[in-house]
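Let's take a walk through a protein model together. Have the sequence and the 3D view open side by side, and we'll go from the whole chain down to a few residues.

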Amino acid sequence: MEHLDRLENQSIFIIREAYSQFKKVAQLWSIGKDSTTLLWLTRKAFFGKIPFPVMHIDTIYKLKEIYAFRDKYAQEWDL
């Protein structure tokens, strides 16, 4: 198994373990690269359907492209 595959599997394991320990959770999403990567991993951890709310953390950047990206994927991924 490649190094990145191991890291991905470890991340998915941690996400599932955290969810099993804390039922009242939400995921924060700033639409940045890090939080979008975490969102992708969370979707993989739960086979495409995240079982808890995802909250958009609005930043100081008010770009229409950010909101279009958020709206598109929130609908596509049922967030």
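What follows starts with the overall layout, then moves to one helix and its surroundings.

First, keep in mind that this is a predicted model. The protein chain has three helices and two strands, and if you trace it along the sequence you meet them in the order α-β-α-β-α. The C-alpha trace spans about 40 × 30 × 20 Å along its principal axes.

How much of the chain is tucked away? Of the 79 residues in the protein chain, 24% are buried. The accessible surface comes to about 6000 Å², and carbon and sulfur atoms account for 62% of that surface. As for charge, there are 12 positive and 10 negative side chains, with the centres of the two sets 4 Å apart. There's also a lot of contact between distant parts of the sequence: among contacts with a separation of 6 or more, 69% join residues 24 or more positions apart.

Now zoom in on helix 2, which covers residues 33-45. Its 13 residues reach 18 Å from the first C-alpha to the last, close to the 18 Å expected at 1.5 Å a residue. Several of its residues are buried, namely S35, T36, L39, L41, T42, R43 and A45. As you look at that list, it helps to know that an α-helix has 3.6 residues a turn, so residues three or four places apart point the same way. And what do the buried residues of helix 2 pack against? Their partners are helix 1 (3-21), strand 1 (27-29), strand 2 (54-56) and helix 3 (64-76).

Let's pick out S35, which sits in helix 2. Why does S35 count as buried? Because its relative accessible area is 13%, and the cut-off for buried is under 20%. Setting aside residues up to four places away in sequence, S35 touches Q27, L28, W29 and S30. A polar atom of the S35 side chain also lies 3.5 Å from the backbone nitrogen of I31.

That brings us to I31, found in the loop between strand 1 and helix 2. I31 is buried too, with a relative accessible area of 16%. Its backbone deserves a glance: phi of I31 is near 75°, a positive value in a residue other than glycine.

At the other end, helix 2 is followed by F47, and here again phi is positive, near 55°. Keep going and you reach K49, in the loop between helix 2 and strand 2. Is K49 buried or partly exposed? It is partly exposed, because its relative accessible area is 45%, which falls between the 20% and 50% cut-offs.

Which residues does K49 contact, leaving aside its neighbours within four places in sequence? The answer is R43 and D78. With D78 the link is a polar contact between the two side chains, at 2.6 Å. For a sense of distance, compare W29: K49 and W29 are 20 residues apart in sequence and 16 Å apart in space, C-alpha to C-alpha.

Our last stop is D78 itself, in the segment after helix 3. D78 has a positive phi of about 55°, although it is not a glycine. So the trail ends with the K49 side chain, from the loop between helix 2 and strand 2, in polar contact with the side chain of D78.

Terms used:
Residues numbered from 1 in each chain as written. Predicted model: local features only at pLDDT ≥ 70, side-chain atom pairs only at ≥ 80, totals over all residues. Heavy atoms only, no water. Helix = DSSP H or I, 4+ residues; strand = E, 2+ residues; numbered from the N terminus. Expected span 1.5 Å × (residues − 1). Buried < 20%, exposed > 50% of the residue type's maximum accessible area, 1.4 Å probe, protein only. Contact = heavy atoms within 4.5 Å. Areas by Shrake-Rupley, 256 points an atom, 1.4 Å probe, with all protein chains shown as cover. Lys, Arg positive; Asp, Glu negative; His and termini not counted. Charge placed at Lys NZ, Arg CZ, Asp CG, Glu CD. Polar contact = N/O pair within 3.5 Å; in protein donor to acceptor, adjacent residues only side chain to side chain.
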